[in-house]
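Got the viewer open? Let's walk through this one stop at a time, selecting as we go.

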Amino acid sequence: MRLITAALMAASVFGATAAHAEMKLTSKDLAAGKAMADAQVFNGFGCSGRNISPELAWSGAPEGTKSFAVMAYDPDAPTGSGWWHWSVFNIPADASKIATGASGDKKLPAGAVEGRTDFGTSGYGGACPPAGDKPHRYQFTVYALKVDKLPLPETAPGAMVGFYVRANTLDKASIEVTYGR
């Protein structure tokens, strides 16, 4: 009993949390480490994809999760600050998935809000790296949050959403894919 008490005290001193299942993110549309399909590529800026948001499903959120957020980011964009391709926040805690094509079709979980991408509009904006660049990495991440809602409008840019998301994250899981042209 003393060992258990000592372990719990040490965990609280060092900021550890109670054990929970590892949070996982899966997708039938994105394969980790592989190239993104044309369905998820942007249609514009010289790209001719279908700009369909991917299916994402998650599990293993920690106890205390009150909502989720999903963000898609290209750290390789030649901007000095990357490129925000999608942000969805205020996803209810009982949700565990976003369907293929949910962005823009009102198929997101009830209450979810899409922030503004670096393309300047709210909703999903697919991959579209400059022609001739090495393939870029696209990181799709789901975040388990400790708050019910982020106090942001749908016009909030990705960096602002990212700030609030990271300040309230309990756990996260990611899938990284690539795309080049």
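One cut-off before we start: a residue counts as buried when its relative accessible area is under 20%, and as exposed when that value is over 50%. Keep in mind, too, that this is a predicted model.

**Stop 1: the aromatic rings**

Select Phe-42 and color it by accessibility if you like. Is Phe-42 buried or exposed? Its relative accessibility is 12%, so Phe-42 falls under the 20% limit and counts as buried. Now add Phe-45, which sits on the other side of the cut-offs: with a relative accessible area of 57%, Phe-45 is exposed.

Show both side chains together. Two numbers do the describing here, since a pair of aromatic rings is characterized by the distance of the centres and the angle of the planes. Phe-42 and Phe-45 make an edge-to-face pair, with 5.7 Å from centre to centre and 90° between the planes. Next, extend the selection to Trp-83 and Phe-119: ring pairs link these two with Phe-42 and Phe-45 into a cluster. Across the model, the count comes to eight aromatic pairs.

Another of these pairs is worth a click. Tyr-73 and Trp-84 are tilted relative to each other, at 4.5 Å centre to centre and 40° between the planes. Where do the two partners sit? Tyr-73 belongs to strand β5 (residues 67-74) and Trp-84 to strand β6 (residues 83-92), so the pair links distant parts of the chain, eleven residues apart. Trp-84 counts as buried, at 11% relative accessibility.

**Stop 2: strand β5 and its partners**

Stay with β5 and select the whole strand. Seven of its eight residues are buried, so β5 is largely enclosed by the rest of the structure. Bring up β6 beside it: seven bridges join the two strands, which run antiparallel. Then show strand β9 (residues 136-145), which is also joined to β5 by seven bridges and runs antiparallel to it.

Met-71 is a handy marker here. Its bridge partner in β6 is Ser-87, while in β9 its bridge partner is Thr-141.

**Stop 3: Val-161**

From Met-71, jump to Val-161, which you'll find in helix α2 (residues 158-167). Val-161 counts as buried, at 0% relative accessibility. What does Val-161 touch, leaving aside its neighbours within four places in sequence? The contacts are Met-71, Ser-87, Phe-89, Leu-152 and Ala-156. Two of those names, Met-71 and Ser-87, are the bridge partners from the previous stop. If you want a distance label, draw it from Val-161 to Leu-150: their C-alpha atoms are 8.3 Å apart, with the two positions eleven residues apart along the chain.

**Stop 4: a three-strand sheet**

Switch to cartoon and pick out β1, β4 and β7. They form an open sheet in the order β1-β4-β7, with antiparallel pairing. β1 (24-26) and β7 (97-98) are the edge strands, each with a single partner, so one side of each has no neighbour in the sheet. Three bridges join β1 to strand β4 (residues 56-59). To see where they line up, select Leu-25, which stands opposite Trp-58 in β4.

**Stop 5: the largest pocket**

Finish with a surface view. The largest pocket has a volume of about 220 Å³. Its lining has 16 residues, and those nearest its centre are Gly-104, Lys-106, Leu-108, Ala-112 and Glu-114. Which classes make up that lining? Color it by class and you'll get six nonpolar, five polar and five charged residues.

Technical notes:
Residues numbered from 1 in each chain as written. Predicted model: local features only at pLDDT ≥ 70, side-chain atom pairs only at ≥ 80, totals over all residues. Heavy atoms only, no water. 1 Å grid on protein atoms, 1.4 Å probe; cavity = no way out; pocket = protein on both sides within 12 Å on 5 of 7 lines; lining within 4 Å. Points joined across faces, edges and corners; volume = space filled by probe spheres on them. Nonpolar A, V, L, I, M, F, W, Y, C, P; charged D, E, K, R; others polar. Phe/Tyr/Trp six-rings, centres within 6.5 Å; stacked < 30°, edge-to-face > 60°. Buried < 20%, exposed > 50% of the residue type's maximum accessible area, 1.4 Å probe, protein only. Helix = DSSP H or I, 4+ residues; strand = E, 2+ residues; numbered from the N terminus. Pairing = 2+ DSSP bridges. Contact = heavy atoms within 4.5 Å.
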